[in-house]
Amino acid sequence: MTDLAPTPVQLGPWRPRLAAWSGLGLVIEALEHQGGLPTPVNYVDDVLLREPQREPFLALIDHAGLVVCKQVGADHPTHREVRGRSSRGRLSQGEYYHHDGCSGPVKPRVVEIRCPHQATPRHIATAIAPFPASVHAMLHELPAALVTAELAPWHALTLAGGEVPLADCDLVQGLLNRTIRRDLDAESARAYFRAVDLRAGAYREPWSFGESRFIANRNPLRTMQHRRAYLDLHSGGQQNGHLLKRWPAEEA
């Protein structure tokens, strides 16, 4: 956090109260109505995702890349459980940077991940980084011993200050992921991705109950990737609260 004043945002009669935050995206702490109306407990579904605020809010996510909504007092039936567990020997798929819906023909515009109110805190983080900065960071942090013949031209290009063409980023990231999965054990791979997070400027703040993170998953302005992130050696060895997920732009 910093003392910098956040940029004002207006969504119809509602003005989000933004946290003083200089990292990736915007952090909404609460909503204020210009006429003094009380804010609904579930202000995400009852205000931000309801007309006429819905499309301006989705456009804000497109522009910012990440919008974090704090202190949401209730969940919604459209949320579903986030599945997937990590392996001791190798990383699970969710621990690699990815877009949601990457196996389908069209990726969803926005993904929302929610930490609901629950008895157990969430100790495992969710890292969110700009794409293709995530790919460039992976190339920069790749140990020299793991640079294969296929990766060598892209690795050299990145170290020389160049950028992988956007059309090739998915291919290069796939090569990187296969190399990491094949050659690094789980803890070495997690340490690698912690370095990638830092180089890419990822959002890795701890989860709080009633917090939603809206991630720009596919748009022409800013696109993000995310992953389940173990930020230290101990975060995987304790009981963890669960997360919820949905694709709100596809739920008219």
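The legends below describe close-up views of a predicted model.

**View 1. Helix α6 and the elements that cover its buried residues.** Helix α6 runs over residues 186-200 and has 15 residues, and from its first C-alpha to its last it reaches 21 Å, which is close to the 21 Å expected at 1.5 Å a residue. The buried residues of this helix are A186, A189, R190, Y192, F193, R194, V196, D197 and A200. Among the elements that cover these buried residues are strand β6, helix α3, helix α5 (166-183) and strand β8 (223-229).

**View 2. The two ends of helix α6, with D185 at the N-terminal end and G201 just after the helix.** D185 caps the N-terminal end of α6, where a side-chain oxygen lies 3.1 Å from the backbone nitrogen of E187. Just after the helix comes G201, and this glycine takes a positive phi of about 70°.

**View 3. H136 in helix α3.** H136 is found in helix α3, which spans residues 133-141. Because buried means under 20% relative accessible area, H136 counts as buried at 11% relative accessibility. If residues up to four places away in sequence are not counted, H136 touches T158, E163 and V164. K107 offers a second point of reference for this view: H136 and K107 are 29 residues apart in sequence, and their C-alpha atoms are 21 Å apart in space.

**View 4. H79 and its contacts in the loop between β3 and β4.** H79 lies in the loop between strands β3 and β4, and with a relative accessibility of 10% this histidine counts as buried. Its side chain makes a polar contact with the side chain of R246, at 3.4 Å. R246 also appears in the list of residues that H79 touches, which holds E112, R114, L244, K245 and R246 when residues up to four places away in sequence are not counted.

**View 5. Q71 in the loop between β3 and β4.** Q71 lies in the loop between strand β3 (66-69) and strand β4 (80-81). The phi of Q71 is near 55°, a positive value in a residue other than glycine. Is Q71 buried or exposed? Q71 is exposed, with a relative accessible area of 59%, because exposed means over 50%.

**View 6. Two cis peptide bonds, one joining E51 and P52 and one joining F131 and P132.** The bond between E51 and P52 is cis, with an omega of about 5°, and P52 is found in the loop between helix α1 (43-48) and helix α2 (54-64). The bond that joins F131 and P132 is also cis, here with an omega of about 15°. P132 is found in the loop between strand β6 (125-131) and helix α3.

**View 7. G25 in the loop between β1 and β2.** The place of G25 is in the loop between strand β1 (14-18) and strand β2 (26-33). G25 is buried, with a relative accessible area of 16%. How far apart in space are G25 and G65, C-alpha to C-alpha? These two glycines are 5.9 Å apart in space, although 40 residues apart in sequence. Leaving out residues up to four places away in sequence, G25 touches A64 and L66.

Technical notes. Residues are numbered from 1 along each chain as its sequence is written. This is a predicted model: local features need pLDDT of at least 70, side-chain atom pairs count only at pLDDT 80 or more; totals for chains, interfaces and linings use all residues. Side-chain values use heavy atoms; hydrogens and water are left out. Helices (H or I, at least four residues) and strands (E, at least two) are DSSP runs, numbered from the N terminus. Buried means under 20% relative accessible area, exposed over 50%, partly exposed in between (1.4 Å probe, protein chains only). Contact means heavy atoms within 4.5 Å. A polar contact is a pair of N or O atoms within 3.5 Å; within protein, one must be able to donate a hydrogen and the other to accept it, and residues adjacent in sequence count only if both atoms are side-chain atoms. The expected span of a helix is 1.5 Å times one less than its number of residues.
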